[in-house]
Amino acid sequence: MATSFVLSDGRSVNNHGFRIDLQGVNLDRFKANPVMLYQHDIERIIGRWDNIRVEDNRLMADAVFDMEDAQGKEVSRKVEAGFLKGCSLGIIVEDMQEVDGVWVATRSEVFEASIVSVMQVQSACTIKITRC
């Protein structure tokens, strides 16, 4: 089963009051170690992210859950059943500018993405589940 998530939507303002300009996002560190955490907890590694990409101004990735890990298996079950739909990025903001009255992270670096129960951006969520 492949589950695609929108990790960040470049058009949406998050709960911290800014949006992320995806053209200024450095993904090198994240692609080298695409760790999937649960609730941003570094002790709760539940899988990895594959097929990391930007489409239609959205940072997207496919979730690969660690089915040998009890928590990874349980989170996968909750995602598949529709009980967990959210995700959230761990980023380092390197530059912030005001653009048309909105604060924008114009340069940032992603270091992790988590499955979360409460999202920082409403559109950061599961978008499709495809059975393989």
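Reader: Is D56 buried or exposed?
Author: In this predicted model, D56 is exposed, as its relative accessible area is 57%. The cut-off for exposed is over 50%.

Reader: Where is D56 placed?
Author: D56 sits in the loop between strand 5 and strand 6, the latter covering 58–65.

Reader: What about the phi of D56?
Author: The phi of D56 is positive, about 50 degrees, although D56 is not a glycine.

Reader: And D100, what is its phi?
Author: D100 is not a glycine, yet its phi is positive, at about 50 degrees.

Reader: Which strands flank D100?
Author: The loop that holds D100 runs between strand 7 (86–99) and strand 8 (102–116).

Reader: Buried or exposed, that D100?
Author: D100 is exposed, with a relative accessible area of 78%.

Reader: Changing topic: how many aromatic pairs are there?
Author: The count is 1 aromatic pair. Its members are F5 and W49, with ring centres 5.4 Å apart.

Reader: Why is the pair of F5 and W49 called edge-to-face?
Author: The ring planes of F5 and W49 stand at 85 degrees, and planes over 60 degrees apart count as edge-to-face.

Reader: Which parts does the pair tie together?
Author: F5 belongs to strand 1 (residues 2–9) and W49 to strand 5 (residues 41–55), so the pair links parts that are 44 residues apart in sequence.

Reader: F5, buried or exposed?
Author: F5 is buried, and its relative accessible area is 0%.

Reader: And W49, buried or exposed?
Author: W49 is buried, with a relative accessible area of 1%. The cut-off for buried is under 20%.

Technical notes
Residues are numbered from 1 along each chain as its sequence is written. This is a predicted model: local features need pLDDT of at least 70, side-chain atom pairs count only at pLDDT 80 or more; totals for chains, interfaces and linings use all residues. Side-chain values use heavy atoms; hydrogens and water are left out. Rings of Phe, Tyr and Trp (its six-membered ring) pair if their centres lie within 6.5 Å; planes under 30 degrees apart count as stacked, over 60 as edge-to-face and the rest as tilted. Helices (H or I, at least four residues) and strands (E, at least two) are DSSP runs, numbered from the N terminus. Buried means under 20% relative accessible area, exposed over 50%, partly exposed in between (1.4 Å probe, protein chains only).
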